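Reader: Could you take me carefully through the surroundings of the ligand, with attention to the residues and the polar contacts?

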Amino acid sequence: MVSKAKTFSSVLTLLAIGVTWEVAVRLFNIPQFVLPAPSAIVNTIARYSNYLLYNLADTLLASALGLFMAATFSLALSVVLAYSDSVREAIYPILSGFNAVPRAALVPLLALWFGLGMVPRVLTAFLIAFFPILVPTLTAMITIERELWEMLVAFGASKSQVLVKVAIPRATPYFLSSLHMGLTSAVVGSVIAEMVASDRGIGYVILSSTSRLDTPLAFACLLLLALITFTLSKVLSLVERRVARWAYRANI
Amino acid sequence: MEPLVKIRNVEVRYDNRNGGLVAISGVDLDIRQGEVVGIVGKSGCGKTTLLKVIAGLVRPTRGEVIYNGTHNGGGFRGIGMLFQSPLLLPWRTVLKNILLPIELRGEDVDSYVPRALELMERIGLKGFENSYPWELSGGMQQRVALCRALIHRPSLLLLDEPFSALDAITREDMWMLLQEVISYENYTAVLVTHDIREAVLLSDRVVVMGGRPGRVKAEVTIPFRRPRDLGLQYGREYNDYVAKIRSLLGD
Ligand SMILES: Nc1ncnc2c1ncn2[C@@H]1O[C@H](COP(=O)(O)OP(=O)(O)O)[C@@H](O)[C@H]1O
Ligand SMILES: [Mg+2]
């Protein structure tokens with residue numbers, strides 16, 4: 001219950017920023033296509049609510065599917081790579097090499113192969129979200145303290161027992177917290193894909209609205225996207241604290 | 001009677017980047033059934049290495065270790081280990097931590113619950129079975145680790161400086177608990193420590209190790225009958241043994 005006062009001060013800060021922004025725009029007569037006032041943004045959200053929600057839902061679906069694929073794949077791959085040192089030594093460098101490829105640059109190729117539909121957006125979200133989940137999860141699995149590992153072996157544990165009874169539970173809080181990073185990465189991925197190769201989604205709306213100098217609409221998109229990602233992140237935190245309570249013992 | 005463990009001319013060489021390091025060399029040692037053997041020596045003289053050799057965690061580069069008179073350890077009920085840090089799994093309750101060795105051996109976990117509860121009561125953990133490790137003090141966590149080391153009634157108990165992270169008063173409590181549980185279930189134990197007083201108080205025999213490379217310098221039999229009393233520490237005979245071992249350790 002630490003957070004009540006903190007939440008209050010965050011809200012207050014946000015309000016202050018909003019008011020300053022509003023006043024500055026009016027005072028200096030800033031044209032709307034350069035920087036719309038908060039009131040104009042809120043108006044736009046109200047006016048275009050259906051259109052915005054429809055596209056937002058589209059973006060979220062692509063991000064969610066991408067994140068789900070990334071989470072599943074990272075988890076499965078972590079288990080395999082944690083189990084076999086030789087497979088890990090062979091594959092991990094290739095994966096890090098792939099991580100160095102700017103994934104945004106792959107979108108035109110994905111569009112070429114899969115068209116303008118859902119697939120390239122989900123794949124882009126997946127490709128960007130996958131590594132930030134894999135790395136902490138795998139690291140937690142393979143960095144069991146030496147003494148603990150020796151004790152388990154002395155008790156007669158097999159490699160797969162160590163994996164199931166220690167490595168995977170140990171990695172759970174790291175995996176869950178990496179989903180935050182994965183979530184934002186997935187949203188970035190699908191929005192980029194929508195900007196490059198789509199006729200739907202928040203990314204598409206941002207691109208088309210700025211090309212019409214409809215800056216309030218672009219800002220409305222940004223605001224909604226930030227709000228929803230923030231909310232989903234909070235939901236993830238709740239899940240985290242339920243599933244891996246032991247990892248937060250210092251805060252209890 | 002045949003010793004429970006026979007260590008014969010054991011050498012361990014660790015290979016590392018700057019060549020090899022002989023951690024222990026020419027070690028001969030018998031560990032007899034029901035005996036508590038203390039091993040003292042300075043830091044780095046190979047005490048942990050010797051314990052790992054006995055546990056089968058490190059293969060000797062020379063010599064051999066024989067359990068129960070056979071090379072495959074027939075009739076050997078495994079070992080229980082206790083380290084300086086309790087190494088508990090924070091996502092498991094105390095009871096589930098204690099039952100871990102049973103789970104790893106693929107035995108019926110439920111049938112060991114009564115034993116776990118009895119051990120917990122004996123070791124002063126009654127009522128903590130559903131607590132999590134992080135809810136306990138360091139001393140209590142080490143008690144959990146002791147229960148876990150004993151749950152499967154190991155043939156041999158290996159203790160590597162198990163009390164050195166505890167405060168002096170908690171440590172004395174743990175000495176008495178350990179002694180009681182060892183007598184009660186008639187364990188054979190090897191206690192590695194750099195605390196000579198601890199070794200003399202708890203052991204039937206103290207092995208003094210010297211370093212570079214680690215070897216057995218001397219063995220001193222401690223004749224006091226077990227169980228012993230903490231008051232023994234203030235007697236002359238006890239202190240004579242402490243002084244003797246101190247001088248054997250050299251400087
Ligand atoms: N895994 C290892 N690899 C290389 N050298 C080691 C390893 N473990 C221990 N040593 C070295 O072996 C020597 C003995 O170590 P150890 O058995 O831990 O001594 P002690 O327990 O008496 O302090 C030390 O010099 C230590 O640095
Ligand atoms: Mg040591």
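Author: What follows is a close look at the site of ligand 1. The model is a predicted one, and in it ligand 1 lies between chains A and B. Chain A is represented around the ligand by A:Arg146, while the residues from chain B are B:Tyr14, B:Leu21, B:Ala23, B:Lys42, B:Ser43, B:Gly44, B:Cys45, B:Gly46, B:Lys47, B:Thr48 and B:Thr49. Sorted by character, the residues of this shell divide into four nonpolar, five polar and three charged.

In terms of secondary structure, two elements of chain B, β2 (19-31) and α1 (47-55), each supply at least two residues of the shell, and it is α1(B) that gives the largest share, with three residues.

Turning to individual contacts, an oxygen atom of ligand 1 is 2.7 Å from a polar backbone atom of B:Gly44, and an oxygen atom of the ligand is likewise found 2.9 Å from a polar backbone atom of B:Lys47. With B:Thr49 the side chain is involved, since an N or O atom there is 2.5 Å from an oxygen atom of ligand 1. As for how much of the ligand is covered, the protein hides 66% of the 560 Å² of accessible area that ligand 1 has on its own.

Taken together, the picture is of a ligand placed between chains A and B, with α1(B) contributing the largest share of its shell and with polar backbone atoms of B:Gly44 and B:Lys47, as well as the side chain of B:Thr49, placed at the distances given above from ligand oxygen atoms.

Methods: Residues numbered from 1 in each chain as written. Chains lettered and ligands numbered in written order. Predicted model: local features only at pLDDT ≥ 70, side-chain atom pairs only at ≥ 80, totals over all residues. Heavy atoms only, no water. Near = heavy atom within 4 Å. Polar contact = N/O pair within 3.5 Å; in protein donor to acceptor, adjacent residues only side chain to side chain. Areas by Shrake-Rupley, 256 points an atom, 1.4 Å probe, with all protein chains shown as cover. Helix = DSSP H or I, 4+ residues; strand = E, 2+ residues; numbered from the N terminus. Nonpolar A, V, L, I, M, F, W, Y, C, P; charged D, E, K, R; others polar.
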